[in-house]
Amino acid sequence: VQPLRLAPSILSADFSRLGEEVRAIEAGGADLVHFDVMDNHYVPNLTIGPLVFQAIRPHVGIPIDVHLMVEPVDALIPQFAKAGANIISFHPEASRHVDRTLALIREHGCQAGLALNPATPLAWLDQVMERLDMVLLMSVNPGFGGQAFIPSTLAKLRQVRQRLDAYADTTGRRIWLEVDGGVKVDNIAAIVAAGADTCVAGSAVFGAPDADGGYRGVLRALRQ
Ligand code: DX5
Ligand code: ZN
């Protein structure tokens, strides 16, 4: 069994102190930094892009997991790759040519992830398994932090876990399975039991009270 990877989403960080915030989650034991890019077109919210990414990259020693919620996708991939992204995920509905976009991410030296919304069918995975390094399963509708975990995600998660295990059995290649949205201390055990090996947590991490040990305390609680 692979150890759980925790990926705090900086969407819920204090944007006036992003450098400090990413250093603090890394010091607190985060495995990845999750960087949510929203364009007010594919999703109804607007966040941060390559310029902010470049500004924080030197402050981060752990890998950065870039979640593109943008349409179109392709033009941003070289920019994030050159700026030091490690994993880049996008939503298949937002790309005209999913296979080409996945190849583009790998050509730029990054790991490629496909992000599936709660209502997006798993059939999107059928033809592209060999192009994938990660499946990002959304457990909320993308666009905002702080939403409630959608319970039907657990059944979908078990289905993806089965597929990825069957794929690993035949090919010897492991694909990561990340869950994103509404992950909290009180539901993470069920999420991991259903098959997630990587969990994003935004509001749960950045909203953690100092009295409970701050970021280090909540990351430890999530891991336990
Ligand atoms: C939602 C984003 C998530 C979100 C997670 O569109 O992709 O990464 O920030 O935040 P929480 O953990 O607060 O649901
Ligand atoms: Zn995300």
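Helices, meaning runs of at least four residues assigned H or I by DSSP, and strands, meaning E runs of at least two, are numbered from the N terminus in the legends below.

**Figure 1. Overall view of the predicted model, with its helices and strands.**
The chain of this predicted model contains eight helices and eight strands. Its radius of gyration is 16 Å, close to the 17 Å that the globule rule gives for 224 residues, so the chain is as compact as a globular protein of that length. Taken along the principal axes, the box filled by the C-alpha atoms is roughly 50 × 35 × 30 Å, and 43% of the 224 residues count as buried. Among contacts between residues at least 6 apart in sequence, 63% join residues at least 24 apart. The pLDDT of the chain averages 97, with 100% of the residues scoring at least 70, and the model as a whole has an ipTM of 0.98 and a pTM of 0.98.

**Figure 2. Close-up of ligand 1 and the shell of residues around it.**
The ligand is surrounded by 21 residues, of which the closest are Leu 11, Pro 142, Gly 145, Gly 202 and Ser 203. By class, this shell is made up of seven nonpolar, 12 polar and two charged residues. Strand 2 (33-38), strand 8 (198-201) and helix 7 (203-206) each contribute at least two residues to the shell around ligand 1.

**Figure 3. Close-up of Asp 36 and Asp 180, which an unreviewed UniProt entry annotates as "active site".**
These two residues span 145 residues in sequence, yet their C-alpha atoms are not more than 10.6 Å apart, so they gather at one spot. Asp 36 lies in strand 2, whereas Asp 180 is found in strand 7 (residues 176-180). Since a residue is taken as buried when 20 or more other C-beta atoms lie within 10 Å of its own, Asp 36 counts as buried with 24 such neighbours, and Asp 180 likewise counts as buried with 26. Leaving aside neighbours within four places in sequence, Asp 36 is in contact with Ser 9, Leu 11, Thr 47, His 67 and Met 69. On the same basis, the contacts of Asp 180 are His 67, Leu 136, Met 138, Ser 139 and Val 200.

**Figure 4. Close-up of His 34 within a group of four residues annotated as "binding site" in the unreviewed UniProt entry.**
The annotation covers His 34, Asp 36, His 67 and Asp 180. Although these residues span 147 residues in sequence, no two of their C-alpha atoms are more than 10.6 Å apart, so they gather at one spot. His 34 lies in strand 2 and is buried, with 27 other C-beta atoms within 10 Å. Not counting residues up to four places away in sequence, His 34 touches Ala 7, Pro 8, Ser 9, Ile 10, Asp 65, His 67 and Val 200.

**Figure 5. Close-up of Phe 144 and Ser 203, two of the residues in a further "binding site" annotation from the unreviewed UniProt entry.**
This annotation also includes Ser 9, His 67, Gly 143, Gly 145, Gly 146, Asp 180 and Gly 202. Phe 144 is placed in the loop between strand 6 (134-138) and helix 5 (153-171), while Ser 203 is found in helix 7. Phe 144 counts as partly exposed, with 17 C-beta neighbours inside 10 Å, and Ser 203 also counts as partly exposed, with 17 C-beta neighbours inside 10 Å. Apart from neighbours within four places in sequence, Ser 203 is in contact with Ser 12, Gly 145 and Gly 146, and Ser 203 and Gly 145 are among the residues closest to ligand 1.

**Figure 6. Close-up of two backbone features, at Pro 72 and at Asn 40.**
Most residues other than glycine have a negative phi, and most peptide bonds are trans. The peptide bond that joins Glu 71 and Pro 72, however, is cis, with omega about 0°, and Pro 72 lies in the loop between strand 3 (64-69) and helix 3 (76-82). Asn 40, although it is not a glycine, has a positive phi of about 60°. This asparagine, Asn 40, lies in the loop between strand 2 and helix 2 (50-56) and is exposed, with 12 other C-beta atoms within 10 Å.

Conventions
Residues numbered from 1 in each chain as written. Chains lettered and ligands numbered in written order. Predicted model: local features only at pLDDT ≥ 70, side-chain atom pairs only at ≥ 80, totals over all residues. Near = placed C-beta within 6 Å. Nonpolar A, V, L, I, M, F, W, Y, C, P; charged D, E, K, R; others polar. pLDDT = per-residue confidence, 0-100. UniProt positions renumbered as here; feature names shortened; annotations may be inferred. Contact = placed C-beta atoms within 7 Å. Rg over C-alpha atoms; globule rule 2.2 N^0.38 Å.
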